[in-house]
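User: I have a protein–RNA model open and would like to understand the labels used for it. Could you walk me through the reasoning?

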Amino acid sequence: MRLSRFFLPLLKENPAEAQIVSHRLMLRTGMIRQQAAGIYAWLPLGLKVLRKVERIVEEEMARAGSIQLLMPTLQLADLWRESGRYEDYGQEMLRIKDRHDRDLLYGPTAEEAVTEVFRASVKSYKDLPLNLYQISWKFRDEQRPRFGVMRGREFLMKDAYSFDVDEASARKAYNRMFIAYLNTFSRMGLKAVPMRADTGPIGGDLSHEFIILADTGESAVFCHKDLVDMPAPGHDVDWNDLQGLVDQRTALYAATEEMHDEAAFGEVPEDKKLSARGIEVGHIFYFGEKYSKPMKATVNGPDGEVTVHMGSYGVGVSRLLGAIIEASHDEAGIIWPESVAPFDVAVINLRPGDEACDAACEKAYAALTAAGRDVLYNDTDERPGAKFASMDLIGIPWQLIIGPKGLAEGKVELKQRATGERQTALFDDVLNQLITGPKKIDA
RNA sequence: CGGGGCGUAGCGCAGCCUGGUAGCGCGUCUGCUUCGGGAGCAGAAGGCCGGAGGUUCGAAUCCUCUCGCCCCGACCA
């Protein structure tokens, strides 16, 4: 993408309404624009990151055996009356009437909708286990939206739903999501800690929130330090038996404010105690027959009809962008992890109009693009300083800096955004390294 | 939903108390000079001062209502 033809409305100054760093940076980098309280337009740069985050979620869901579908954002109130939630859900639910005066709602979640899909089509226990998910826009009419996309009213959420023949099988489904979540967040450069969460009326130990530690987090969290640096399980695991891995990550103390148990935390060795703030980016729970029973989602088993056991598993996709920025930024702007960066490389032409610079930049742009890299070619006639500042601001991981001075010796400069490291080397060498990877050039 | 605050140019703000022809910085546009870390000079465009009503000879300024937004708290993916 040539910057001169891209739509990137950067703000030099901080918008007054943005209080926290991710919100400020998302506005300043032209990722989003607020159109109402808690409702945002996703501008091209923001959308690119959103898509990359989605892609990772999709890949990890596929690995865990979940199948994607897409359900409507507007749901019939009657469906929610079946589960009893239409009356229970408060003002957070946006209620709408259509021209025939039928009650609709903009879905804040989709247990009823997916249960309806399930019961209409699945009749045999042989079709279980089943895990269906979607990535779609949800709406919760928050009394007080804030922190940009971290707590908007309209938000993009991945919600998966598992269907199993009994609780033991449902626990396995739960474990698959548990492990998938650790892998998902890890791929985005985040350290997510699973913390025991409130299970509501169901009880038991099957609900966890996945928390990213960040100073600006919404809630206080308490955990054993070792959990924070525990590596993600990766993909080489036995998806049919994950209990060991899950146990390993739930054995140590970890709880959010609401679930905090001072006595239990007291047993954590003093030097391992961690009190911090956190952002919830995922929430998984098992709720058994809560929806399947009233909505009559049953299958025929060998011994007759059984009501299916369900669980649901959410990831705040749009919220994740805020969380990633909270966890990865500096004074100059965003530092995108390579896996979700809107562009892989920025080619910076320091002297557009200079024949040698133009030619070298075009060559780099073409070669990197052909190699599958997502390239932002800064071909504008801004001054170098302004270009450096904006490329740092939007956080492209690698900046290929091409100017007349270096080029006179056949050299260009490669800067890594995360470390600030800048190295000068022969043009072709730098290009090769960017194309073949590892992208970091040797000192 | 309680408490507080703010709506004046694309962004950040002053002006309001004490009514009298709407300002500053950044950005934008033109030109010249610049050009390796957010350039300099000269010029220009851009605002029914959130909306409605009222008071007044006269309202951005005072009064009433209303809409929107932000912050603290309670609530929440």
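**Contacts with RNA strand B**

Analyst: Happy to! This is a predicted model. To begin, a polar backbone atom of Ala16 is 2.9 Å from a phosphate oxygen of RNA strand B.

User: What makes the approach of Lys415 to a base nitrogen of RNA strand B a polar contact?

Analyst: An N or O atom in the Lys415 side chain is 3.3 Å from that base nitrogen. The cut-off for a pair of N or O atoms is 3.5 Å, so this pair counts as a polar contact. The side chain of Arg422 also has an N or O atom 2.7 Å from a base oxygen, so that pair counts too.

User: How are Lys415 and Arg422 linked within the protein?

Analyst: They are bridge partners, with Arg422 in β23.

User: Why are β22 and β23 called paired strands?

Analyst: Pairing takes at least two bridges, and five join β22 to β23, so they are paired. The two strands run antiparallel.

User: What makes β23 an edge strand?

Analyst: In the open five-stranded sheet, ordered β20-β19-β21-β22-β23, β23 pairs on one side only, as does β20.

User: Why does Arg144 count as near RNA strand B?

Analyst: A residue is near if one of its heavy atoms lies within 4 Å; Arg144 is among the closest of the 41 residues that surround the strand, so it qualifies. Of the atoms of RNA strand B that come within 4 Å of the protein, 42% belong to sugar and phosphate.

User: Which element gives the most to that surface?

Analyst: That is α12, with seven residues. By class, the surface has 21 charged, 11 nonpolar and nine polar residues.

Note on methods. Residues numbered from 1 in each chain as written. Chains lettered and ligands numbered in written order. Predicted model: local features only at pLDDT ≥ 70, side-chain atom pairs only at ≥ 80, totals over all residues. Heavy atoms only, no water. Helix = DSSP H or I, 4+ residues; strand = E, 2+ residues; numbered from the N terminus. Polar contact = N/O pair within 3.5 Å; in protein donor to acceptor, adjacent residues only side chain to side chain. Nonpolar A, V, L, I, M, F, W, Y, C, P; charged D, E, K, R; others polar.
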